[in-house]
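Student: Could you walk me through this model before I go back to the bench? I would like to start with the sheet and then move on to the helices and the cysteines.

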Amino acid sequence: MFLGTGFEETEAITPLDLLRRAGIDVLTVGLNGKIIYGSHNIGIEADITIDEVDLTTAEMIILPGGLGGVASIKACPAAMEAVAFAHNNNKLIAAICAGPTVLASLGITNGKNAVCYPGCEEQMGSAKMTHEAAVRDGNVITGTSMGCAVPFGLMLIEALTDPETAQRIKNQIVIR
């Protein structure tokens, strides 16, 4: 999970928490150092920095939204190269809120069903925009917004494990 300065905290922490509840090993990756401050000035200590990433063992890259966080990702050549590498090597790529615009800027969402934060659609290229909380099209998973962080996180769990594990976590957190 890439964390750039100005990331939306809920879009990072909620899926991260759900994934770890499901027993999935997730590393947070600081793009601007080890301590990254989100859009509401909440500091998070990343597990590793971008220069420590080993994409050969990664199954998925996750991009939280937040306009500052997305700008941080787009301004980080190593992060953009990592996303392109993941796409070119058929790894799962997930992004929420304004995060899908990073994927669109690399042509990853072209022709795919996708969602993004309302108002960012014009930055989504030729993606087929839908109105779901989260949507998966092949190896690409997109989420709409902070309010959709739980369905997005559950979809990540299902993609990395199976529907039963996602349902178990959904039941565990008593989402209605």
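**Sheet, helices and cysteines**

Tutor: In this predicted model, strand 7 and strand 11 (residues 140-143) run parallel and are joined by 4 bridges.

Student: Which residues stand opposite each other there, say for Ala95?

Tutor: Ala95 stands opposite Thr142 in strand 11, and the bridge partner of Ile96 in that strand is Gly143.

Student: How do strand 10 and strand 11 run, parallel or antiparallel?

Tutor: Strand 10 and strand 11 run antiparallel, with 4 bridges between them, and here it is Val135 that stands opposite Thr142. The two strands form a hairpin with 2 residues between them, and Gly138 in the turn has a positive phi of about 65°.

Student: And what is the strand order in the sheet?

Tutor: The sheet is open and is formed by 4 strands in the order 6-7-11-10, with mixed pairing. Strand 6 and strand 10 (134-137) are the edge strands, each pairing on one side only, and the twist from one strand to the next averages 10°.

Student: Which way do the residues of strand 11 point?

Tutor: Val140 and Thr142 point one way from strand 11, while Ile141 and Gly143 point the other way, and all of them are buried.

Student: Switching to helices, what does helix 5 lie across?

Tutor: Helix 5 lies across strand 6, strand 7, strand 10 and strand 11, and its direction makes an angle of about 175° with strand 7. Its buried residues are Ala149, Phe152, Gly153, Leu154, Leu156, Ile157 and Ala159, and these pack against helix 1 and helix 6 as well as against strand 6, strand 7, strand 10 and strand 11.

Student: Why would several of them face the same way along a helix?

Tutor: As a general point, an α-helix has 3.6 residues a turn, so residues three or four places apart point the same way.

Student: What span should helix 5 have, going by its number of residues?

Tutor: The 12 residues of helix 5 should span 16 Å at 1.5 Å a residue, because the expected span counts one less than the number of residues. The end C-alpha atoms of helix 5 are 16 Å apart, which agrees.

Student: What about helix 1, how far apart are its end C-alpha atoms?

Tutor: For helix 1 (residues 9-21) they are 18 Å apart, in agreement with the 18 Å that its 13 residues should span.

Student: Which of the helix 1 residues are buried, and what do they pack against?

Tutor: The buried ones are Glu9, Glu11, Ala12, Pro15, Leu16, Leu18 and Leu19. They pack against strand 1 (2-3), strand 6 (60-63), strand 7 (92-96), helix 5 (149-160) and helix 6 (163-172).

Student: And what is found at the start of helix 1 and just after it?

Tutor: At the start of helix 1, a side-chain oxygen of Glu8 comes to within 3.3 Å of the backbone nitrogen of Thr10. Just after the helix, Gly23 takes a positive phi of about 80°.

Student: Last topic, how many disulfides are there?

Tutor: A search of the whole structure finds 0 disulfides. Cys116 is in none, and the nearest cysteine sulfur, that of Cys120, is 5.3 Å away, whereas the cut-off for a disulfide is within 2.5 Å.

Student: Is Cys116 buried or exposed?

Tutor: Cys116 is buried, because its relative accessible area is 5% and the limit for buried is under 20%.

Student: What about Cys148?

Tutor: Cys148 is in no disulfide either, and the nearest cysteine sulfur, that of Cys97, is 9.1 Å away. At 14% relative accessibility, Cys148 also counts as buried.

Note on methods. Residues numbered from 1 in each chain as written. Predicted model: local features only at pLDDT ≥ 70, side-chain atom pairs only at ≥ 80, totals over all residues. Heavy atoms only, no water. Buried < 20%, exposed > 50% of the residue type's maximum accessible area, 1.4 Å probe, protein only. Contact = heavy atoms within 4.5 Å. Polar contact = N/O pair within 3.5 Å; in protein donor to acceptor, adjacent residues only side chain to side chain. Pairing = 2+ DSSP bridges. Axes fitted to C-alpha atoms, helices over the stretch in contact; angles between N-to-C directions.
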